[in-house]
Amino acid sequence: MFTGIVEGTGAVRERTETDDGLRLRIGVDGFDDLHHGQSISVSGVCLTVEEYGDGADATDADGGEWFEVFLASETVAKTYLGAVGEGDAVNVERAMPADGRFDGHVVQGHVDTVAEVTGIERVGEDWRFTFEIPEGHDDYLVDKGSVTLDGISLTVAEKRDGEFDAAIIPTTYDLTTLSEKSVGDPVHLEADVIAKYVENMLNGYAGAD
C-alpha cells in the first residue's frame with residue numbers, strides 16, 4: 001500500500017520491449033533499501049522490483065541507485081508507461097512500512113484509467129490543474145474528496161461536468177512530474193478505494209431487495 005506522498009522523481013534509463021511486455025530501468029536518488037520483490041509506485045502504477053543496483057555496479061554507467069521493473073502487456077495497454085522513453089521522469093514512492101506515518105490517503109497503485117490535463121493556471125504561488133473525468137468515473141469523485149493522479153495524493157478542489165480541479169502547492173509542483181505536464185498530457189487516475197467499497201456495499205444492499 002502507498003500513501004500518495006511522492007518521494008521524488010526517477011528517470012527512465014533504459015526501456016526494453018519484449019514479447020510479453022516492457023522492462024524499464026529507472027534511476028533514483030536516496031533509495032538505499034532496494035531489494036528484489038519490493039513494491040514501488042511508478043507514476044501511480046504499483047510495480048515489482050526485479051533487479052537493482054547502485055553506483056558501484058559496473059553495468060550501470062550513469063551511477064546512483066536504479067531498479068528494473070517489468071510491465072506485462074495488460075499494464076502497458078491500460079497505462080501510458082508504454083509510451084515513456086529514456087530520460088523521461090516518473091514519480092516514485094516506496095510502499096509504506098507498517099510503522100510509517102500515514103500522511104496522504106490509501107493508494108493501491110491500481111490505476112483505474114488514464115485522464116488528460118485540460119488546463120493549467122498559476123494562482124499566486126500555487127497552481128491550479130484541471131483534469132478531464134473519463135466516462136464511467138464521475139461517481140468516484142466528490143468535492144474535497146481524495147484522488148490519486150500519477151501517484152500523487154490530491155484533493156478535488158472543484159468538480160464540474162466532465163472535469164475537476166486540483167490545487168497544487170509549490171512543493172508538490174517542484175517535487176513531482178506535474179512541473180513537466182502540459183495541456184493534453186496523460187495522467188494515471190486512481191479513485192479513492194473507499195468510494196469503491198461504498199459502491200460495492202450499496203449494490204449488494206440494493207440486490208437484496
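Start at Ser 41, which stands opposite Glu 93 in strand E6. This is a predicted model, so keep that in mind throughout. The strand to look at is E3, residues 39-42. E3 pairs with E6, residues 89-94, in the antiparallel sense. That pairing runs over 3 bridges.

Now the other neighbour of E3. E3 also pairs with E4, residues 45-53. Again the sense is antiparallel, this time over 4 bridges. Take Ile 40 as a marker: its bridge partner in E4 is Leu 47. What do E3 and E4 form together? They form a hairpin, with 2 residues between the strands. Look at Ser 43 in that turn. Ser 43 has a positive phi of about 50 degrees.

One general reminder while we are on strands. In a regular strand, side chains alternate between the two faces of the sheet.

Next, E6 again, from its other side. E6 is joined to strand E1, residues 8-17, by 4 bridges. E1 and E6 run antiparallel. Here Thr 9 is the residue to find, and its bridge partner in E6 is Asn 91.

Put those strands together. In what order do the strands close into a barrel? The order is E1-E2-E5-E4-E3-E6, so 6 strands, with antiparallel pairing. From one strand to the next, the twist averages 45 degrees.

Then the second barrel. This closed barrel has 6 strands as well, and it runs E7-E8-E11-E10-E9-E12. Its pairing is antiparallel. The twist here averages 45 degrees from one strand to the next.

Let me zoom in on one pair. Strand E10 covers residues 152-160, and strand E11 covers residues 163-168. They run antiparallel and are joined by 4 bridges. Within that pair, Lys 159 stands opposite Phe 164 in E11.

On to the charges. How many salt bridges does the structure hold? The count is 13. I will show three.

First on my list, Arg 94 and Asp 33. Their side chains meet in a salt bridge, 2.7 Å from N to O. Arg 94 sits in strand E6, while Asp 33 sits in the loop between strand E2, residues 21-28, and E3. That pair links distant parts of the chain, 61 residues apart. Buried or exposed? Arg 94 is buried, because its relative accessible area is 18% and the cut-off for buried is under 20%. Asp 33 is partly exposed, at 36% relative accessibility.

Next, Asp 150 and Lys 181. The closest N and O atoms of this salt bridge are 3.2 Å apart. Asp 150 lies in the loop between strand E9, residues 146-149, and E10. Lys 181 lies in the loop between helix H2, residues 170-175, and strand E12, residues 186-191. So the pair ties together parts that are 31 residues apart in sequence. Asp 150 has 0% relative accessibility and counts as buried. Lys 181 is buried too, at 14%.

Then Arg 160 and Glu 163. They form a salt bridge, with the closest N and O atoms 2.9 Å apart. Arg 160 is partly exposed, with a relative accessible area of 27%. Glu 163 is partly exposed at 26%. What else are these residues linked to? Arg 160 and Glu 163 belong to a network of salt bridges that also includes Arg 128, Glu 158 and Asp 165.

Now the surface. Which residues make the nonpolar patch? They are Ile 194, Val 198, Met 201 and Leu 202. The patch covers about 400 Å². Leu 202 is placed in helix H3, residues 193-207. Its relative accessible area is 53%, so Leu 202 counts as exposed.

Last, the whole chain. It has 3 helices and 12 strands. The radius of gyration is 18 Å, close to the 17 Å that the globule rule gives for 209 residues. So the chain is as compact as a globular protein of that length. Along its principal axes, the C-alpha trace spans about 60 × 50 × 40 Å. Buried residues make up 42% of the 209 residues.

Technical notes:
Residues numbered from 1 in each chain as written. Predicted model: local features only at pLDDT ≥ 70, side-chain atom pairs only at ≥ 80, totals over all residues. Heavy atoms only, no water. Pairing = 2+ DSSP bridges. Axes fitted to C-alpha atoms, helices over the stretch in contact; angles between N-to-C directions. Salt bridge = Lys/Arg side-chain N within 4 Å of Asp/Glu carboxyl O. Buried < 20%, exposed > 50% of the residue type's maximum accessible area, 1.4 Å probe, protein only. Patch = residues over 30% accessible without salt bridge, like charges linked within 9 Å, V, L, I, M, F, W, Y side chains within 5 Å. Areas by Shrake-Rupley, 256 points an atom, 1.4 Å probe, with all protein chains shown as cover. Rg over C-alpha atoms; globule rule 2.2 N^0.38 Å.
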